[in-house]
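Open the structure in your viewer and switch to the cartoon view. We will go step by step, selecting a few elements at a time.

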Amino acid sequence: RVDLVIFPEFAIHVDDQDLMRAFSDATGAMLFYGLVGAMAPGISGPVNAARWLVPQRRGERRSWVEVDQGKWHLTAEESDLGVSPWRPHQVVIELQNRGDRPYRISGAICYDATDLALAADLRDATHMFVIAAMNKDVKTFDSMVSALRYHMYQHVLIANSGEFGGSTAQAPYDKE
């Protein structure tokens with residue numbers, strides 16, 4: 001069983017990491033959330049990033065794995081605000097449960113999910129693709145998720161800002 005909570009793009013301030021760890025502890029879930037105020041090594045100014053917060057439990061002990069996923073394809077508004085493109089790597093989270101086959105999840109931030117080369121690269125590498133978004137164009141992103149579920153042949157989830165709606169989860173099943 002995988003417990004995952006996805007928050008939209010620009011949802012959580014970098015100074016609120018203690019709240020996210022507490023939320024993860026309370027729910028037992030790993031998190032993928034868009035950051036506000038993210039900085040990256042070697043980049044002057046802010047970047048748009050999402051954080052994977054994965055709790056590791058061994059016996060009575062718990063530790064955290066935190067990995068940031070950057071965004072390369074910026075909106076005009078982000079560029080006007082001085083946000084720099086930054087995606088030096090693509091994060092793939094591999095989950096293993098005693099003897100089961102590994103289950104792999106990867107994510108993107110908003111417009112990076114429209115990069116078909118990324119979708120093609122992840123098609124046979126992952127089982128689920130999650131997207132943190134803050135997107136006004138809900139119809140286009142709904143269509144994109146519908147297409148990606150079959151192109152990638154895996155679950156595709158998008159968490160969009162509540163201001164715009166349009167969050168969806170779709171899977172490549174024969175029946176809708």
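This tour goes through a sheet and a helix that lies across part of it, in what is a predicted model.

**Stop 1: the whole sheet.** Select S6, S7, S8, S9 and S10, and you will have an open sheet of five strands in that order, with mixed pairing. Looking from one strand to the next, you meet a twist that averages 15 degrees.

**Stop 2: the edges.** Now colour strand S6 (92-95) and strand S10 (168-170). Why is one side of each left without a neighbour in the sheet? These two strands stand at the edges and each has a single partner strand, so there is nothing of the sheet on the other side.

**Stop 3: S9 and S10.** Next, add strand S9, residues 155-159, which runs antiparallel to S10 and is joined to S10 by three bridges. Show side chains here: Ile158 has Thr168 in S10 as its bridge partner, while Leu157 stands opposite Ala169, also in S10. In a regular strand, side chains alternate between the two faces of the sheet.

**Stop 4: S8 and S9.** Turn to the pair S8 and S9, which run parallel with five bridges between them. Pick out Ile131, and you will find Ile158 of S9 opposite.

**Stop 5: the helix.** Finally, select helix H4 (residues 138-153). Which strands does H4 lie across? They are S8 (128-132), S9 and S10, and the helix runs at about 25 degrees to S10. Trace the chain through S8, H4 and S9 to follow a right-handed β-α-β unit.

How values were computed. Residues are numbered from 1 along each chain as its sequence is written. This is a predicted model: local features need pLDDT of at least 70, side-chain atom pairs count only at pLDDT 80 or more; totals for chains, interfaces and linings use all residues. Side-chain values use heavy atoms; hydrogens and water are left out. Two strands pair if DSSP finds at least two bridges between them. Helices (H or I, at least four residues) and strands (E, at least two) are DSSP runs, numbered from the N terminus. Axes are lines fitted to C-alpha atoms, for helices over the stretch in contact, and angles run from 0 to 180 degrees between N-to-C directions. Contact means heavy atoms within 4.5 Å. A crossover is right-handed if, with the strands pointing away from the viewer, the path from the first strand over the helix to the second runs clockwise.
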